[in-house]
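Me: Could you walk me through this structure, one question at a time? I'd like to see the reasoning behind each answer.

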Amino acid sequence: MTPHRPTVLVGFAQAFAAIEAAWSLQEAGMQVIAFARRGTRSALRRVRDVHIHEVTPPEESVEQCLADLRMLVERVDPDAVLPLDDAALWLTSCMVFDRAVVIGPSPDSAAVALDKNAQITAAQAAGLLVPPTRLVRSAADLTDDLTWPVVVKPAEAVRADGDHLVRPRGSIAADRAELDEARSGLSDGPLLVQPYLHGTGEGVFGYVDDDGVAAISAHRRVRMVNPHGSASSACTSIDVAPEIERAVRRLISDLDWRGLFMVELLRDEDGTAWFMELNGRAWGSLALARRRGFEYPAWAAQFAMGLPQEPPAPAAPASVTARHLGREIAHLLFVLRGPRSQAVAGWPGTWATVRDLLRVSPGDRLYNWNAHRPSVLVSDTIGTLAELVAGRRVKR
């Protein structure tokens, strides 16, 4: 008799972590089925044995998207569901599953993962440093008594606007004139106003098992796609500072978390690490963790389904730098375009950027690279640049 292969439904297929998450699950002996926004294409279709089903984009209709997902779950009868991005996390937190387990936070914890203001309260209680933050109801409530420069970011990772799911936008402003210019593009909902800090992004990763936070690891950003502030195009592994690890463990424990998590920090020029946000789903630099032997999607799925957790966490993980080919090219294009706010200091030079991009070190690894399926990397690179040309936001 052929042993049962657990089936995991993942989505959205367009999520930046989709390819690496699928490979992690497959290598652990699981069957992967993905849901994708109807009418879109993703490099995940190039991953062997991943079956992709289209659903109505929630940006068009939340109600119809949920109906499509319920029908899909009934049809494929998965053992587990793994949300890969904020939209999927929002949708799955609205659903009730008869048999499948959700590899992720409970609905209450998911609400915190999608509410950055609630995260700030929890992070402060856990001992993490948070920049001075003001919550305003909308862009219309932004007053003149601000200390420049500022970063204005939506309090909600995603939110429902009637029957449409939207991802609100934020902005950096050096002064009132820049803020007024950006106002029309800001979120209609609540906004967080913080001082604009210069520094380097860091991420702390893990998942939760019976003993709490397991297999903790971290990275530091080497380059962001857009030096203005965005996801990374290259990142390198680092050790987790003991005081940060203690605070992260307390934060996750206080939230009664389950599944994957990423705590995003910014270390300023004085060496102080400031809490930025908590991500309650797979993160963009998953490739870095996997190249070091941290199979977070597989481990979280195995724990959720009551399966033996393997492979074991690495005792001495290698030091690795992970680079995303499409985003590295996009980084150069953003450098050539130049800064859009006077608040951004130290804009990278063109020739220094070209030199850094061409420098390849022994520890460098590529996102979404598999020697047996080179078409995945090709498709992912083309898709990344096509999104940039189309003017879409760079996904985390």
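What follows is a short exchange about a predicted model, moving from aromatic pairs to sheets and loops.

Me: Happy to start with the rings. How many aromatic pairs does a search of the whole structure find?
Reply: Good place to begin, keeping in mind that this is a predicted model. Ring centres have to lie within 6.5 Å to count as a pair. Searching the whole structure on that basis gives a total of 9 aromatic pairs.

Me: Take Phe16 and Tyr367: how many residues apart in sequence are the parts that this pair ties together?
Reply: The two rings are 5.6 Å centre to centre with 40° between their planes, a tilted pair. Both Phe16 and Tyr367 are buried. Phe16 belongs to the loop between β1 (7-11) and α1 (18-27), while Tyr367 sits in the loop between β18 (364-366) and α12 (374-389), so the separation of the parts they tie together is 351 residues.

Me: Which charged residue has its end over the ring of Phe16?
Reply: There are two such arrangements to look at here. Over the ring of Phe12, 4.0 Å from its centre, sits the charged end of Arg37. For Phe16, the distance from the ring centre is 3.6 Å, and the charged end belongs to Arg327.

Me: Is the pair of Phe205 and Trp283 stacked or edge-to-face?
Reply: Planes under 30 degrees apart count as stacked, and those over 60 as edge-to-face. The centres of Phe205 and Trp283 are 4.9 Å apart, and the angle between the planes is 15°. With that angle, the pair of Phe205 and Trp283 is stacked.

Me: And is Trp283 buried or exposed?
Reply: Let's look at both partners. Phe205, in strand β12 (residues 199-209), has a relative accessible area of 2% and is buried. Trp283 lies in the loop between β16 (273-279) and α8 (286-291), so the pair links parts 78 residues apart in sequence. With a relative accessibility of 0%, Trp283 is buried.

Me: Which residues form one aromatic cluster with Phe205 and Trp283?
Reply: The stacked pair of Phe205 and Trp283 belongs to a wider group of rings. Joining them in one aromatic cluster are Tyr207, Phe294, Tyr296 and Trp299.

Me: Turning to α1, why is it largely enclosed by the rest of the structure?
Reply: Among the buried residues of α1 are Glu20, Trp23 and Leu25. The buried residues pack against β1, β2 (31-37), β4 (80-83), α8, α9 (296-304) and α12. The helix is largely enclosed because its buried residues number 8 of the 10.

Me: Which strands are the edge strands of the sheet with the order β16-β15-β12-β13-β14-β17-β18?
Reply: This is an open sheet of 7 strands with mixed pairing, and its twist averages 30° from one strand to the next. Helix α7 (residues 242-254) packs on the sheet, touching β12, β13 (212-224), β15 and β16, at about 140° to the direction of β15. The edge strands, each pairing on one side only, are β16 and β18.

Me: In the hairpin of β15 and β16, which residue in the turn has a positive phi?
Reply: Strand β15 (residues 259-268) pairs with β16 in the antiparallel sense over 6 bridges, one of them between Arg267 and Ala273. The hairpin has 4 residues between its strands. The turn residue with a positive phi, about 90°, is Gly271.

Me: Which residue in β15 stands opposite Phe205?
Reply: Strands β12 and β15 run antiparallel and are joined by 10 bridges. Across from Phe205, the residue in β15 is Met262.

Me: In the sheet with the order β6-β11-β7-β10, what is the bridge partner of Val152 in β11?
Reply: This open sheet has 4 strands with antiparallel pairing, and helix α5 (residues 116-126) lies across β6, β7 and β11 at about 50° to β11. Strand β7 (residues 150-154) is joined to β11 (residues 191-195) by 5 bridges. The partner of Val152 in β11 is Val193.

Me: One last loop: the backbone nitrogen of which residue lies 2.8 Å from a polar atom of the side chain of Asn370?
Reply: Asn370 is in the loop between β18 and α12. At 18% relative accessibility, Asn370 is buried. The backbone nitrogen lying 2.8 Å from that side chain belongs to His372.

Terms used. Residues are numbered from 1 along each chain as its sequence is written. This is a predicted model: local features need pLDDT of at least 70, side-chain atom pairs count only at pLDDT 80 or more; totals for chains, interfaces and linings use all residues. Side-chain values use heavy atoms; hydrogens and water are left out. Rings of Phe, Tyr and Trp (its six-membered ring) pair if their centres lie within 6.5 Å; planes under 30 degrees apart count as stacked, over 60 as edge-to-face and the rest as tilted. Buried means under 20% relative accessible area, exposed over 50%, partly exposed in between (1.4 Å probe, protein chains only). A charge sits over a ring if NZ of Lys or CZ of Arg is within 6 Å of the ring centre and within 35 degrees of the ring normal. Contact means heavy atoms within 4.5 Å. Two strands pair if DSSP finds at least two bridges between them. Axes are lines fitted to C-alpha atoms, for helices over the stretch in contact, and angles run from 0 to 180 degrees between N-to-C directions. A polar contact is a pair of N or O atoms within 3.5 Å; within protein, one must be able to donate a hydrogen and the other to accept it, and residues adjacent in sequence count only if both atoms are side-chain atoms.
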